Amino acid sequence: MAQTAAPVTAAPLSVEGIFGSKAVRTEYVRSSRWGKDGESYLALEDAPKGGQDIVRYAIADGQRQVVVAAADLIPPGASAPLGIDSYEWSPDNRWLLIQTNGKRFRRTNALSDYWLYDTTTKQLHKIGGDAAPSTLLYATISPDNSRVAYVRGNNIYVEPIAGGTATGLTKDGDDYVVNGLADWVYEEEFSVHGAFEWSPDSKRIAFLRFDTKGVGTFDMIKNTGGQYSQVIPLQYPKAGTTNSAVTTGVIDVADGATRWFKLTGDPRQNYVPQISWAGGPDALFIQQSNRLQNSYNVLLGDPTTGAVKPIMVEKDAAWVEANVAPEWLNGGRAFTWLSERDGWRHLYTIDRASGRATLRTPGKFDVVELLNVDEKAGYAWFIASPDNPTQRYLYRTTLSGTPKVERLTPANQPGTHSYDIAPGEHWALHTVSRFDAPPVTDMLDMTRQQPLRTLAANAPLAKVVADTGLPATEFFRVDIGGTQLDGWLIKPPGFDPAKRYPILYFVYGEPWGQTVADRWAGAQGLWHRMLAQKGYLVASLDPRGTATPRGHDWRKIIYRQVGILASADYAAGVKAILATRPYIDPDRIGIWGWSGGGAMTQNALFRYPELYKTGIAVAGPTDMKLYDTIYQERYMGLPQDNADGYKNGSPITFADRLKGNLLLIHGTLDDNVHYQNQDQLVDRLIHFNKPFTMMAYPDRSHGIYEGENTSIHLYSLMTRYLETNLPPGGR
């Protein structure tokens with residue numbers, strides 16, 4: 001006879017306690033920067049009388065020194081110091097470039113004012129001339145400390161760092177032509193923001209020019225701003241439609257002359273996901289992709305002639321991922337490159353002249369992220385997890401000779417580790433977290449892999465977790481017919497295996513994300529714990545195609561069948577778990593997700609109505625043809641070449657099969673997954689006379705967080721919906 005667990009005394013979590021003004025916040029080291037000597041670091045700290053001090057800490061003894069006091073950053077005629085959104089030092093450390101007064105531009109508060117502080121004279125002056133407040137973007141200092149470049153009004157400007165007249169280097173920027181600044185889809189899918197870069201000798205600026213004429217305009221409507229609605233046009237290329245024409249140029253800063261690189265192919269049918277200077281001022285490194293993103297030309301561009309020289313071509317039967325700017329080795333004669341050419345994502349060094357690739361990380365594992373390359377030391381440091389894809393550890397490998405790969409994170413330290421490594425690799429800001437343990441950041445002695453001191457312990461947050469009374473989260477694998485899916489499961493306090501409990505699955509299930517990770521999940525993770533306290537089992541699975549370090553074939557088997565394969569894997573996993581865990585109530589199975597997870601939730605309820613009883617789909621794309629070119633075509637091909645895949649992967653196709661409870665949630669000003677998605681699905685559900693519930697958050701974006709109490713309202717809504725339609729508690 002099963003034993004009933006003893007009652008557990010726990011501090012109950014609440015939506016207000018997780019998302020409200022009195023929530024316990026995560027501690028972290030703010031805006032840290034390493035000193036050039038690798039023996040100190042800078043941090044932002046709130047000053048007693050307002051503003052922020054920039055403080056230097058000596059690593060060895062922790063000695064603190066205020067480098068720039070907030071009191072020094074009071075503009076002429078002002079009474080308060082500038083707030084620091086971000087900052088950059090000039091290479092000679094004389095000038096401090098301060099970004100402040102940031103206003104929303106797409107994903108970030110990039111529209112800003114910029115001020116320069118001269119540490120020698122203690123003088124402060126604003127750049128941008130007569131520019132209106134918060135209208136400059138991505139200002140950066142030249143390598144020779146003489147100028148600042150930025151984007152204003154879709155043109156690139158430079159001005160003397162010591163003060164003086166700004167010079168417009170491009171002249172044709174307007175509502176449709178954008179210089180030095182990515183269009184919406186490049187920013188979202190290639191993480192390109194400021195699309196320009198100083199040459200190492202400060203004589204030129206390389207940049208991307210976007211001609212957006214012909215790109216479809218999606219009109220968003222803002223309704224909360226006054227008596228009349230406001231139309232917000234967004235040039236957004238949807239799958240199969242016209243892209244921006246992107247050209248790559250270089251400007252001579254002295255005379256403003258522009259030279260264009262002679263890239264082959266239609267600029268609207270190819271992408272340039274990354275440009276950077278090739279280890280010196282004499283060549284530009286260019287990655288050019290075809291529209292399908294399965295063939296990347298790696299090129300060197302001559303800034304004096306515009307001629308381009310191919311180094312190599314990276315191809316894949318599915319898709320190729322863009323590399324970040326490479327590290328240059330051997331006096332610029334070789335560079336680093338990440339490739340999946342042997343079935344795993346590995347680090348290679350590429351010979352600049354011949355394109356010959358040398359593998360530096362052999363083995364059946366994926367390099368998750370390349371952190372540091374130090375040719376003098378002879379090593380490259382990277383993140384990997386060969387044996388447990390839910391965790392992350394630090395490794396290093398040799399850069400020459402026979403590759404020697406070694407794990408540096410001690411074997412007795414599980415979890416997810418991240419490292420910000422100082423110059424010289426003696427020290428690192430090291431952060432580790434686990435699913436049940438908030439992040440702890442320490443100053444790590446890399447030579448001994450021992451912490452010198454803790455900088456952010458998050459003890460109050462750890463106490464919140466401990467006080468929930470929940471058992472440790474279970475990580476497991478489930479077999480779905482020869483394929484093992486990773487999963488986690490949170491059980492309620494006082495769990496009784498003789499009872500049956502409702503289960504809620506948290507899903508993503510697309511190539512952009514991983515939900516089954518042994519890392520701290522923030523406020524959303526606390527909400528899952530709150531549901532467990534109420535009597536829910538909460539779980540997640542990662543189906544094939546998710547971005548886990550399990551090899552090329554695992555990730556890319558989903559090609560041309562997004563929404564189809566993953567939803568089938570998920571259903572198989574849910575059924576297998578149900579068959580082996582009798583404490584799960586088959587009549588109380590729920591699922592929820594956001595963005596791609598919102599689409600997967602819809603696919604789950606529509607495709608497998610006999611399995612899932614309740615679902616909450618937040619900001620989900622309902623029809624793949626409504627999403628952007630770069631993301632959707634990367635994983636699905638062109639709509640005209642994969643019509644069946646687009647149709648059968650889109651939840652809206654199967655809306656007639658809905659039987660369970662469905663809550664649809666969307667922000668009406670979502671510039672990523674447009675509110676149009678919800679409207680079209682709702683229209684379809686009405687056509688089939690299917691009951692459902694919906695919530696529209698006015699003028700909220702994809703994250704649905706803007707405005708007072710929005711997060712509290714959202715998570716309260718979802719909690720009530722679950723309690724009503726998926727009743728909690730063991731029976």
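Here are some worked exercises on this predicted model.

**Exercise 1. Work out which strands of the sheet β1-β2-β3-β4 stand at its edges, and look at how β1 pairs.**

Step 1: Start with the layout. The sheet is open, has four strands in the order β1-β2-β3-β4, and its pairing is antiparallel.

Step 2: Count partners. β1 (33–34) and β4 (64–68) each have a single partner strand, so these two are the edges, and one side of each goes without a neighbour in the sheet.

Step 3: Zoom in on β1. Two bridges tie β1 to β2 (residues 40–46), and the pair runs antiparallel. If you want a spot to click on, Arg 33 sits opposite Leu 42 in β2.

**Exercise 2. Take strand β5 and sort its residues into a covered and an uncovered face, then follow the chain into β6.**

Step 1: Recall the rule. In a regular strand, side chains alternate between the two faces of the sheet.

Step 2: Apply it to residues 86–89. Tyr 87 and Trp 89 make up the covered face of β5, while Ser 86 and Glu 88 make up the uncovered one.

Step 3: Find the partner. Four bridges connect β5 with β6 (residues 95–105), again antiparallel. Ser 86, from the uncovered face, has Gln 99 as its bridge partner in β6.

Step 4: Check the turn. Five residues lie between the two strands of this hairpin, and Asn 93 there has a positive phi near 65 degrees.

**Exercise 3. Check whether the length of helix α4 agrees with its residue count, and list what is buried in it.**

Step 1: Get the expected span. α4 (residues 522–534) has 13 residues; the span is 1.5 Å times one less than that number, so it should come to 18 Å.

Step 2: Compare. The end C-alpha atoms are 19 Å apart, which agrees.

Step 3: Look at burial, taking under 20% relative accessible area as the cut-off. The buried residues run from Gly 525 through Leu 526, Trp 527, His 528, Arg 529, Met 530, Leu 531 and Ala 532 to Gln 533.

Step 4: See what comes next. Gly 535 follows α4 with a positive phi, near 115 degrees.

**Exercise 4. Find the cavities of 30 Å³ or more and describe the lining of each.**

Step 1: Count them. The search of the whole structure turns up two.

Step 2: Take the largest, at about 150 Å³. Its lining has 15 residues, with Val 320, Glu 321, Leu 338, Ser 339 and Glu 340 nearest the centre. β23 (308–315) and β25 (334–339) each give two or more residues, and β25 has the largest share, three. By class, the lining holds five nonpolar, two polar and eight charged residues.

Step 3: Take the second largest, at about 30 Å³. Its lining includes Gln 602, His 666 and Leu 681. Here β42 (661–667) and α10 (676–687) are the elements giving two or more residues, and β42 gives the most, three. The classes are five nonpolar, five polar and no charged residues.

**Exercise 5. Describe the second largest pocket and name the strand that gives the most to its lining.**

Step 1: Note the volume, about 950 Å³.

Step 2: Locate the centre. Of the 32 lining residues, Phe 105, Arg 106, Ile 232, Pro 233 and Leu 234 are closest to it.

Step 3: Assign the elements. β6, β16 (217–222) and β17 (230–235) each supply at least two residues; β17 gives the most, with five.

Step 4: Sort by class. You get twelve nonpolar, nine polar and eleven charged residues.

Methods:
Residues are numbered from 1 along each chain as its sequence is written. This is a predicted model: local features need pLDDT of at least 70, side-chain atom pairs count only at pLDDT 80 or more; totals for chains, interfaces and linings use all residues. Side-chain values use heavy atoms; hydrogens and water are left out. Two strands pair if DSSP finds at least two bridges between them. On a 1 Å grid over the protein atoms alone, a cavity is a set of points where a 1.4 Å probe fits but cannot get out, and a pocket is an open set with protein on both sides within 12 Å along at least five of seven lines; lining residues have an atom within 4 Å of a point. Grid points are joined across faces, edges and corners, and a volume is the space filled by probe spheres set on the points. Ala, Val, Leu, Ile, Met, Phe, Trp, Tyr, Cys and Pro count as nonpolar, Asp, Glu, Lys and Arg as charged, and the others, Gly among them, as polar. Buried means under 20% relative accessible area, exposed over 50%, partly exposed in between (1.4 Å probe, protein chains only).
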